[in-house]
Amino acid sequence: MARQQPSPWVHTAFLFCLLSLSGAIEIPMDPSIQNELSQPPTITKQSVKDHIVDPRDNILIECEAKGNPAPSFHWTRNSRFFNIAKDPRVSMRRRSGTLVIDFRSGGRPEEYEGEYQCFARNKFGTALSNRIRLQVSKSPLWPKENLDPVVVQEGAPLTLQCNPPPGLPSPVIFWMSSSMEPITQDKRVSQGHNGDLYFSNVMLQDMQTDYSCNARFHFTHTIQQKNPFNLKVLTNHPYNDSSLRNHPDMYSARGVAERTPSFMHPQGTASSQMVLRGMDLLLECIASGVPTPDIAWYKKGGDLPSDKAKFENFNKALRITNVSEEDSGEYFCLASNKMGSIRHTISVRVKAAPYWLDEPKNLILAPGEDGRLVCRANGNPKPTVQWMVNGEPLQSAPPNPNREVAGDTIIFRDTQISSRAVYQCNTSNEHGYLLANAFVSVLDVPPRMLSPRNQLIRVILYNRTRLDCPFFGSPIPTLRWFKNGQGSNLDGGNYHVYENGSLEIKMIRKEDQGIYTCVATNILGKAENQVRLEVKDPTRIYRMPEDQVAKRGTTVQLECRVKHDPSLKLTVSWLKDDEPLYIGNRMKKEEDSLTIFGVAERDQGSYTCVASTELDQDLAKAYLTVLADQATPTNRLAALPKGRPERPRDLELTDLAERSVRLTWIPGDDNNSPITDYVVQFEEDQFQPGVWHDHSKFPGSVNSAVLQLSPYVNYQFRVIAINEVGSSHPSLPSERYRTSGAPPESNPSDVKGEGTRKNNMEITWTPMNATSAFGPNLRYIVKWRRRETRETWNNVTVWGSRYVVGQTPVYVPYEIRVQAENDFGKGPEPGTVIGYSGEDLPSAPRRFRVRQPNLETINLEWDHPEHPNGILTGYTLKYVAFNGTKVGKQIVENFSPNQTKFTMQRADPVSRYRFSLSARTQVGSGEAVTEESPAPPNEAAPTAAPPTSPPTTVGVTGTVGSTDATATAATTEATTVPTIPTVAPSTIATTTVATTTATTAAATTTTESPPTTTRTKIQESAPDEQSIWNVTVLPNSKWANITWKHNFGPGTDFVATVRKKLSLLRPRPSPYS
């Protein structure tokens, strides 16, 4: 069982396209509008360029035209005014330019031969017909002549020449006997393209009839017969024994010598032939020889085009229809018999009369609009282009400042009512010409609705649909959609409005049901119409038929149960092997099933249930396998080796248009795995020659697709086939096709403005590629100005992808615009991008504060620099600890640009810190600001310690070389600093710590103290004996600093004792190490 989903696109109406690629207005075919609008003339009917007439009939030269007002007509003959009024035989049909030349009262038609051209004129311009060459048909008589018998040896070649009299048009030639019996032709005897009759070898039986060339003339319907040829065949075997005709070796049986082939036409080993594109190429090789040679055809370097080539005249002629440039080259015919073979090479050159690539189209504009006429043709040799206006050469027409000629394009800017005219483009080479008329009309028309009012559109839920609102107006109106008469303009999200006014709803929901109003507006007024949208439930097969295996003679039932919108009529039908199923008397079709009674082998196959309404359908397929008695199911597909597909071939470009081309290819072998996709790639030779880009992807079921193209790109295409195994090799490239140019429709992307130095700004962008350049000489208009000053725009034209603005202030914003321009015009108005000039080093951070709330932490705060001179990337903090002349290692911290605070945990409570802070931009670090941490508080007056507190002992080790020593200790509770007696260490020590102080040392012990800071000073003067003096205690909340002086020798241990026992302060790594 397999479900087949219908396409998700459901179009409720066809698109009504009102806008051409050039932005011009297209007048709808509504008769009421056609009759109201003023239009220059347009030629609607004319005789062929080579107009051959029957001399027995009146001459008719057609010329019809339309316009509003209706045009008048006049003619030229041989480039001079043809005064119809002066010739009584000539008249012009009423409301027409068709000439009638009447010979009922006598006259010679040959007197009117010549080149005629029709002019259709009204007050808005003049249109021209082709130059019509009038010729009278001729059927000349065959000259009288007496023909002697033609004597020829049996087995020899023979050519009977026709040489018909020249006729107009050329007569049709055929050969008959004088008794009007057709001459039997075969590979030995046949008529050539030139009308001659060729015998590859003459046999005795050829004397049994005579040979007369006949010419049939088209217009007179007469046949003229030339005097007959009589043959006299000399032979070594005078008896014409008919039994020898079927002899396997007829020639030797008649005594005819065998010989190798030789060419009768064309002669020699090589020749050349020229053919025009689109015509038929006829190559001919007629050879003599005994036995009669066989002819085979080949093309050097390739195969014959199988779809266009066919063999004629017993393989003696090769015809290639609808010749194109790729059919040029060298062809050769090979004539062979058992005696040998010869070949003749024909070099074929394909030339081309002019053919259209872009034929100019009528241009209808509103006042003030721009437009262009494009006249592009190709040919070989390359055709020249001549522009005319109202039948006169453009260079001799009055100057028009709103008109510019650029080769094959005329560009109109700011057109006005006075710009109306008919332009002619004549493109020609030595093989022919093309003449096209295209008018320029300027209209101002209020908006009008073109569709019936209040249409009802029904659509299936969750499908995509378009609501059409065809309209007309000049200038082209803007169209807006509203739902249920309220709300804002519908566009965006689930809605999309196309340029032609159609409203697309991407996925229909129930709430989308309602009345939609379209309003068309231009400067002359507005018009509106309504469309009612009804949303219907989808048709779904919810119980599908299943694959079944049944024995012959049994009954099978295939289910198909369907849900659908009750307001829609449901139809259920069945297909067998994708063809409509005939319901015979062994089958019963019910509402939700199909029953097959007495299953037979012919019932095997796929069955598809098709459930459809007028809006949608659903499909479900199942396969029925019928078994004979005692049979077992077998696989329906033999396992075959699978491989990647072969490359597509024979790429061909057709339907060449300004913005599109049709690419057709022949699929390669799928190697037992169906092709699922084709990828079309393109290469262009201007921006990235040799680089292939993906253009589009198509299902594997197609081999022809219309490719949308960009202007002014020299395209070359190739195709890659894909199946489940992999991708094929790319096809050989197609021929190149260059589209015509146009102004850019976009601008470069990724526009940026950034400084590379402090006094400049570099504007950069991503350059446009080949498919967005749209024309030659792509360049960029770069504009900039200071943002805050709103000064006038500076601008420069650049051909690269960068421009540097110099002498800029440091880091200021600029408004930047970059617009694409080519030789056809400018791109759309670009958006504005904000860029900045170059950055510099920032100034120093402001208000740098250092606070020390306690001996454990230091808090830093600062403000951003007054002049950032760019985008701040962060801050750099450098700091060192110092104590007197000793300085520690420098530590560096980096902060984010938003951070303006930092708390530092002190390494020790004694040292001070020096901080240096600077801001950074991408240029580097700026000026630094330096601060130091606060000095310790001033010393306080001493207080006596309570005598009852138990002692606390702190061991101190000092290694300083001065007369001062310091010790630091921590306590767990507040104490009063004791008085330290001036005694030898041995008399008071409770804990001893070795020290190696100099002759005089000092120690400090820190203990936790009450909030009131006290400073105790003991023994001011130094004694004569060894002792300790100037003991000073400076307590804090958790520490106490004790300092003293002494005159003990090196290695003396010092012990400090307080009321409460203090923990011994363990040695810490020095911050200066």
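This passage describes a four-stranded sheet, aromatic and charge–ring arrangements, and the surroundings of one histidine in a predicted model.

Strands of a sheet pair through backbone hydrogen bonds, in either a parallel or an antiparallel manner. In the sheet considered here, four strands are arranged in the order β61-β60-β63-β64, with antiparallel pairing, and the sheet is open. The edges are occupied by β61 (693-699) and β64 (737-738); each of these has a single partner strand, so one side of each is left without a neighbour in the sheet. The link between β64 and strand β63, which spans residues 714-722, consists of two bridges, and these two strands run antiparallel. Within this pairing, N714 is positioned opposite R738 of β64.

Aromatic side chains were examined next. A total of 19 aromatic pairs was found. In one of them, formed by W784 and Y803, the ring centres lie 5.4 Å apart and the planes meet at 40°; because planes under 30 degrees apart count as stacked and those over 60 as edge-to-face, the pair is classed as tilted. The two residues belong to distant parts of the chain, 19 residues apart: W784 is located in strand β67 (residues 779-786), and Y803 in strand β69 (residues 802-806). Their accessibilities were also computed. W784 has a relative accessibility of 10% and therefore counts as buried, whereas the value for Y803 is 26%, so that Y803 counts as partly exposed. Elsewhere, a single aromatic cluster is formed by F848, W862, Y875, F895 and F902.

Aromatic rings also take part in arrangements with charged side chains. R131 is placed over the face of Y433, at a distance of 3.9 Å from the ring centre. In a further case, the ring of F332 has the charged end of R343 over it, 3.7 Å from the ring centre.

The surroundings of H51 were described in terms of accessibility and contacts. H51 is part of strand β3, which covers residues 50-53. Its relative accessibility is 14%, and H51 therefore counts as buried, the limit being under 20%. A polar contact is made by the side chain of H51, which reaches the backbone oxygen of L60 at 2.8 Å. When neighbours within four places in sequence are left aside, the residues in contact with H51 are L60, I61, I132, R133, L134 and Q135. L60 thus appears both in this list of contacts and as the residue whose backbone oxygen is reached by the H51 side chain.

Methods. Residues are numbered from 1 along each chain as its sequence is written. This is a predicted model: local features need pLDDT of at least 70, side-chain atom pairs count only at pLDDT 80 or more; totals for chains, interfaces and linings use all residues. Side-chain values use heavy atoms; hydrogens and water are left out. Two strands pair if DSSP finds at least two bridges between them. Rings of Phe, Tyr and Trp (its six-membered ring) pair if their centres lie within 6.5 Å; planes under 30 degrees apart count as stacked, over 60 as edge-to-face and the rest as tilted. Buried means under 20% relative accessible area, exposed over 50%, partly exposed in between (1.4 Å probe, protein chains only). A charge sits over a ring if NZ of Lys or CZ of Arg is within 6 Å of the ring centre and within 35 degrees of the ring normal. A polar contact is a pair of N or O atoms within 3.5 Å; within protein, one must be able to donate a hydrogen and the other to accept it, and residues adjacent in sequence count only if both atoms are side-chain atoms. Contact means heavy atoms within 4.5 Å.
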